[in-house]
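I opened the notebook today to follow one residue and the helices around it. Here is what I had on screen.

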Amino acid sequence: MQTLSTILVALVALEHLYILYMEMFAWETLGKKTFKGSLPNELFKPTKKLAANQGLYNGFLAAGLIWSFFIENPEWQKNIQLFFLGCVIVAGIYGALSASRKIFFVQALPAILALTFVLINSKI
């Protein structure tokens, strides 16, 4: 169970590193492909700085989850993972309600699964 928990937390962290990259460095290329239909093409250039700011926040979420792997105390490691996964879940739910339902499945659901396994693993 520990291995599965670690893999799920790592996948959520990697996803947010990808989001950081897309929003900070590839907004007008990869961002257009990702958000095709959600945002008119002519809005990508003027929203580039806003997307970069969002990407930075996604980087903070990834950094917190990655940091948790270097914490030796199991209780603190779990607490840090729960905090950052909770932040991802809240952001995913807000994004689903305010922008696109797809965000729930892409962002919040993987974090919910990871959080569930972190909690299950801490009970064992």
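Leaving aside its neighbours within four places in sequence, which residues is S68 in contact with? I found V9, Q77, I80 and Q81 on that list. A reminder to myself: this is a predicted model.

**Entry 1: S68.** I placed S68 in helix α3. I then looked up its exposure: the relative accessibility is 0%, so S68 counts as buried, the cut-off being under 20%. I also checked the polar side of this serine, and its side chain reaches the backbone oxygen of L65 at 2.5 Å.

**Entry 2: helix α1.** V9 from the contact list sent me to α1, where V9 is among the buried residues. Others I noted there include L8, V12, H16 and I19. I was glad to see a simple reason for part of such a pattern: an α-helix has 3.6 residues a turn, so residues three or four places apart point the same way. The buried residues of α1 pack against α2 (30–34), α3 (48–68), α4 (74–98) and α5 (102–123).

I also checked the length of α1, which covers residues 2–25. At 1.5 Å a residue its 24 residues should span 34 Å, and the end C-alpha atoms are 34 Å apart, so the two agree.

**Entry 3: α1 against α4.** How do these two helices pack, and at what angle? I read an angle of about 50° with the axes 12 Å apart. The pair is therefore oblique, and the crossing is left-handed. On the α1 side I listed V9, V12 and H16, which meet Q81, L85 and V88 in α4. V9 and Q81 were both on my S68 list too.

How values were computed
Residues numbered from 1 in each chain as written. Predicted model: local features only at pLDDT ≥ 70, side-chain atom pairs only at ≥ 80, totals over all residues. Heavy atoms only, no water. Helix = DSSP H or I, 4+ residues; strand = E, 2+ residues; numbered from the N terminus. Expected span 1.5 Å × (residues − 1). Buried < 20%, exposed > 50% of the residue type's maximum accessible area, 1.4 Å probe, protein only. Contact = heavy atoms within 4.5 Å. Polar contact = N/O pair within 3.5 Å; in protein donor to acceptor, adjacent residues only side chain to side chain. Axes fitted to C-alpha atoms, helices over the stretch in contact; angles between N-to-C directions. Parallel < 35°, antiparallel > 145°, perpendicular 65-115°, else oblique. Left-handed = near helix turned anticlockwise from the far one by under 90°.
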